[in-house]
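Visitor: Could you take a close look at one helix for me, and then follow how its buried side fits into the interior of the chain? I would like one connected account.

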Amino acid sequence: MDRTFREFENPMPNKPVFVKMSFGMAYRYKEKDIYQAIILKLARVQSAVRAAYVLLQNGFLLEQAILQRTIDETNEDILFLAYAIANDTFTDLHLRYLDAFWEEEIDESGNMIDSKQKRPMIPRQKIRAYLAKIEKYILDPSRGIELSRTISKTYSGFVHGAAPQIMDMYVGNPPHFHTNGLLGTPRMEEYLDDLWNYMYRTFISHIVVAKALGAKEHVKILTKYKLMFESNSNQRC
């Protein structure tokens with residue numbers, strides 16, 4: 001995934017430039033197009049997957065689950081944008097999404113208190129409805145959307161600290177809250193399996209982007225490694 005990302009990033013003709021913003025100097029893309037948005041999202045999801053793996057290795061499983069919510073939504077965003085390129089169809093939803101995505105947190109005044117920035121939130125259910133329509137789930141689209149919503153709500157409980165999710169910290173003999181991580185507890189295996197799923201889906205996102213960009217050689221290589229990933233998983237099971 002990393003090698004593919006670098007080979008998508010490096011040939012881009014319009015690199016980020018170091019520009020003066022109202023709050024200081026920062027790197028920014030000037031064009032703010034859909035291709036650059038995909039590069040940013042790929043960078044984000046790769047970092048998040050690596051961070052989740054580090055948390056798993058150290059037994060911080062609830063924190064891993066928080067990042068998995070981020071990985072979920074970032075992969076949805078990547079597919080949402082890649083399908084627009086692949087189908088050569090930019091909907092009004094895509095245009096509104098990109099407008100919100102590129103909007104700065106602080107407006108030109110540089111005043112954080114009186115900033116006029118009011119980034120609109122694109123409803124997640126609209127993005128999922130678009131994906132369901134494009135992907136034509138084996139289940140009917142409404143059930144695909146409902147499944148995504150349920151998964152999102154589950155991981156939202158980790159983000160916001162709902163009681164059932166916090167109780168995952170309560171294990172052992174005698175049982176107690178593990179505030180220093182859950183290494184050596186039965187929770188490790190289930191969260192390991194969970195992270196495999198997120199790595200796998202992130203791999204799929206990279207393949208979809210490669211297809212959308214017409215990078216046939218990358219599709220071939222990524223698909224080869226995806227099959228190896230699947231085979232190794234079956235052997236582990």
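Guide: In this predicted model, the buried residues of α1 are T4, F5 and F8. Viewed down the axis of α1, these buried residues fall within an arc of 100°, so they line one face of the helix. The spacing has a general background: an α-helix has 3.6 residues a turn, so residues three or four places apart point the same way.

From that face one can go on to the interior. The largest nonpolar core has 53 residues, and F80 and L81 are those with the most contacts inside it. Helix α1 (2–9) is among the elements that give two or more residues to this core, and the others are α2 (34–57), α3 (61–86), α4 (92–102), α5 (124–135), α6 (141–160), α8 (187–212) and α9 (216–236). The largest share, 13 residues, comes from α3. Once its neighbours within four places in sequence are left aside, L81 is in contact with I34, A37, I38, Y97 and L98.

Helix α8 also holds S205, which counts as buried because its relative accessibility is 1%, under the 20% cut-off. Not counting residues up to four places away in sequence, S205 touches N75, I78 and L79.

For a view of the surface, one can turn to I166, M167, Y170 and F177, which form a nonpolar patch with about 350 Å² of accessible area together. Of these, I166 lies in helix α7 (residues 163–166) and is partly exposed, with a relative accessible area of 35%.

Key: Residues numbered from 1 in each chain as written. Predicted model: local features only at pLDDT ≥ 70, side-chain atom pairs only at ≥ 80, totals over all residues. Heavy atoms only, no water. Core = buried A, V, L, I, M, F, W, Y, C linked by side-chain atoms within 4.5 Å. Buried < 20%, exposed > 50% of the residue type's maximum accessible area, 1.4 Å probe, protein only. Helix = DSSP H or I, 4+ residues; strand = E, 2+ residues; numbered from the N terminus. Contact = heavy atoms within 4.5 Å. Arc of directions from axis to C-beta. Patch = residues over 30% accessible without salt bridge, like charges linked within 9 Å, V, L, I, M, F, W, Y side chains within 5 Å. Areas by Shrake-Rupley, 256 points an atom, 1.4 Å probe, with all protein chains shown as cover. Salt bridge = Lys/Arg side-chain N within 4 Å of Asp/Glu carboxyl O.
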